[in-house]
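Let us look at how aromatic rings are arranged in a protein chain, working through a few questions one step at a time.

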Amino acid sequence: QGLKVVFIRLSTCNLSCQWCDTPYTWNWLGTKFSHPQKFDKSLEVHQMDNDVILNKLAQYDCKSIVISGGEPMLQQRNLLTLVGGLKKTNYWIEVETNGTISPERVFLELIDQINCSPKLSNSGDSRERRVKQQALTALSASDKVYFKFVISCEKDIEEVMEYVQTY
């Protein structure tokens, strides 16, 4: 049996994975990303005040939140007030990240779990864009972080093992 969660999906990402299942969060008309689908940013991005988000969440019989993206760690400072408010009302909060941005201490303290999915070469992003040693070192040092990988062929397992040995 699974766990009920409510997703808060944020926009913008610092990567452009060729197999991304949420390109509407970052691949807008006019961008130079090679991902084929382009989206109208004005139709996809909706800024909301924290009170609006909290009121929407209160409509659900669910105290588990997953903050996803895009790349949520790009907005971690802006999320502090929202996440702090959620913690005061006993929410379990997970954040999904691609592992390219280090968590700030104050943000990490408020989060219950981080699901880190470092991107492999199968993403189509260059190693320089997708592998950030400082961020991966910081994330791997926390017992709140769980790693997951998108594996499409046996060669990818070798790449995952490099991550395991390094971090």
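Q: Is Tyr-24 buried, partly exposed or exposed in this predicted model?
A: The model is a predicted one, and the relative accessibility of Tyr-24 in it is 30%. Buried would require a value under 20%, whereas exposed would require one over 50%. Because 30% lies in between, Tyr-24 counts as partly exposed.

Q: How many aromatic pairs does the structure hold?
A: Rings of Phe, Tyr and Trp pair if their centres lie within 6.5 Å. By this rule, the number of aromatic pairs that the structure holds is four.

Q: Which arrangement, stacked, tilted or edge-to-face, describes the pair of Tyr-24 and Phe-39?
A: The ring centres of Tyr-24 and Phe-39 are 6.2 Å apart, and their planes meet at 80°. The two residues are 15 apart in the chain, both in the loop between strand S1 (6-9) and helix H1 (41-44). Because planes over 60 degrees apart count as edge-to-face, the pair of Tyr-24 and Phe-39 is edge-to-face.

Q: Which residue forms an aromatic pair with Trp-26, and is that residue buried or partly exposed?
A: Trp-26 counts as buried at 3% relative accessibility, and its edge-to-face partner, with 5.0 Å centre to centre and 85° between the planes, is Phe-33. The relative accessible area of Phe-33 is 26%, so Phe-33 is partly exposed.

Q: Over the ring of which residue does the charged end of Lys-41 sit?
A: A charge counts as sitting over a ring only if, among other conditions, it is within 6 Å of the ring centre. The charged end of Lys-41 is 4.7 Å from the centre of the ring in question, which belongs to Trp-28.

Definitions and conventions. Residues are numbered from 1 along each chain as its sequence is written. This is a predicted model: local features need pLDDT of at least 70, side-chain atom pairs count only at pLDDT 80 or more; totals for chains, interfaces and linings use all residues. Side-chain values use heavy atoms; hydrogens and water are left out. Rings of Phe, Tyr and Trp (its six-membered ring) pair if their centres lie within 6.5 Å; planes under 30 degrees apart count as stacked, over 60 as edge-to-face and the rest as tilted. Helices (H or I, at least four residues) and strands (E, at least two) are DSSP runs, numbered from the N terminus. Buried means under 20% relative accessible area, exposed over 50%, partly exposed in between (1.4 Å probe, protein chains only). A charge sits over a ring if NZ of Lys or CZ of Arg is within 6 Å of the ring centre and within 35 degrees of the ring normal.
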